[in-house]
Amino acid sequence: MKVIKQREATRKRYRIFDGNSNFSEYKRLRNKAIGLIRKDRTAHQQKLVESFKDKPKRFYAYLHNKQSVKTKVTRLMKLDGTISDDTVTADVLCKQFESVFVKETAVESVEVQDSIDVKFEELTIYKKLTALKTNKSPGPDSIHPMFLSKTAAAVAKPLSVLFNCSYTEGRLPQDWKNAVITPIFKKGRRSDPENYRPISLTSVICKIMESAIRDCITEFIQKKNLVTHHQHGFISGCSCLTHLLEAVEAWTDIPDEGYGLDIIYLDYRKAFDTVPHRRLITKLSNYGLPDKLLIWVNNLLWGRMMKVQVNGSSSSWVHVLSGVPQVSMLGPLLFMLYVNDLPDWIRSSIKMFADDTKLWTTISVTNDNQKLQDDLRRLKDWSDKWLLKFNPDKCKVMHVGHNHPTEYFIEEDSKLSKLAEVTEEVTLASLIL
């Protein structure tokens, strides 16, 4: 900062008294300031890298600020070629997000006995309140997390009473089930509503209650060992790193033994937004979760409302007919339990990280690919039963270490589609990383 001040003083002197000596002095200080700024920036970046393990969010926040293209919602193009205003844009996006919901018929349920005692202790609620991130936005109820965090000692007890009452009666206030949707641009044309994904902003108080229930469910399924070992998402002790390490170990062993390898990458179509509610409750019941908990989760899912907000303008409220909230405390766990039985339907090797699914098999002769093709047919049956569709356009296949001409097909919406092949020449290590 001292050199920068000297540079600015010299620049002013040069502009008033033009001369070679003044310009040379200004040039020297300018170059010195540029060098010091670059050195300081490099040192700052090095500190961010070194503190990545303890403070990863600071690192990713720095990268986010360096992005040259910022995510924003542009005005959409209407059918007559005119540009919509913010309100119309919000309505168009709301209709687009609503169009992916799944309407389901009734499904048989299984009666179970209560096996989880869910309680909302005052101390537990207090700890969750004080752990809130105060820089986050409030939900549709306008209750800010900073307010809840600062008044944790005073509101912990009444919230504990409120949560116990809500759980006992199996009912939630409507404000807890409302969501304000922020559209986030993915890729392609910004004027196309299909190129935006919905991010929900929900009640902070409801998230605290969901967090307490999530902890109880997680403890129960881990005690009963109900989660498949192929799943690495939303599980304590598992992560994206363990998911990749196990996959790379299996994938490198096969070529080392002299065989080929075929890998299929599966992509769900609007995975979190299309989970059918009745079928989800049925699966939770089959896992042995208590009826009281199922009633509360069912009330959380049914009757949800959403509206899209664009630049301060909002669409009308619409009903959410399917799906689990992605940014909620309970939503990711519910989705993981919904797809938990998928490995039971196939014979090939599989690894899953939430909705990211990989299938692979050893290829030694030409017809070895039939095993994977049979698994794709079984996945079609699973998809028809549980109404979670795959997106054939985004499902890929990659051949490693063999030259057998193998093709794979997946059926969706009564249409047989050939899976696109990964044509880039890449090493196995670069594929994993």
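Here a biologist quizzes a modeller about how some labels on this structure are earned.

Modeller: Quick warning: this is a predicted model, where local features need pLDDT of at least 70, side-chain atom pairs count only at pLDDT 80 or more, and totals for chains, interfaces and linings use all residues. Residues are numbered from 1 along each chain as its sequence is written, and side-chain values use heavy atoms, with hydrogens and water left out.

Biologist: Okay, what makes E25 and R28 a salt bridge?

Modeller: The label needs a side-chain nitrogen of Lys or Arg within 4 Å of a carboxyl oxygen of Asp or Glu. For E25 and R28 the closest N and O atoms are 2.7 Å apart, so the pair passes the 4 Å test. Both sit in helix 2 (residues 20-50), three residues apart, about one turn of the helix. A helix here is a DSSP run of H or I with at least four residues, a strand is a run of E with at least two, and both are numbered from the N terminus.

Biologist: Why is D375 called buried?

Modeller: Buried means under 20% relative accessible area, exposed means over 50%, and partly exposed is in between (1.4 Å probe, protein chains only). D375 has 0%, so the residue is buried. Its salt-bridge partner R378, with closest N and O atoms 2.8 Å away, has 26% and is therefore partly exposed.

Biologist: And K380, is that one buried or exposed?

Modeller: K380 has a relative accessible area of 15%, so K380 counts as buried. Its side chain meets D384 in a salt bridge (2.5 Å, N to O). D384, at 35%, is partly exposed. The two are four residues apart in helix 14, so about one helical turn separates them.

Biologist: How do you know that Y196 is buried?

Modeller: Y196 has 1% relative accessibility, so buried it is. You'll find Y196 in strand 2 (residues 196-201).

Biologist: What makes strand 7 and strand 12 edge strands?

Modeller: Five strands form an open, mixed sheet in the order 7-8-3-9-12. Strand 7 (349-353) and strand 12 (420-421) each have a single partner strand, so one side of each is left without a neighbour in the sheet.

Biologist: Why do strand 7 and strand 8 count as a pair?

Modeller: Two strands pair if DSSP finds at least two bridges between them. Five bridges join strand 7 to strand 8 (residues 356-363), and the two run antiparallel. In that pairing, M352 stands opposite T357 in strand 8.
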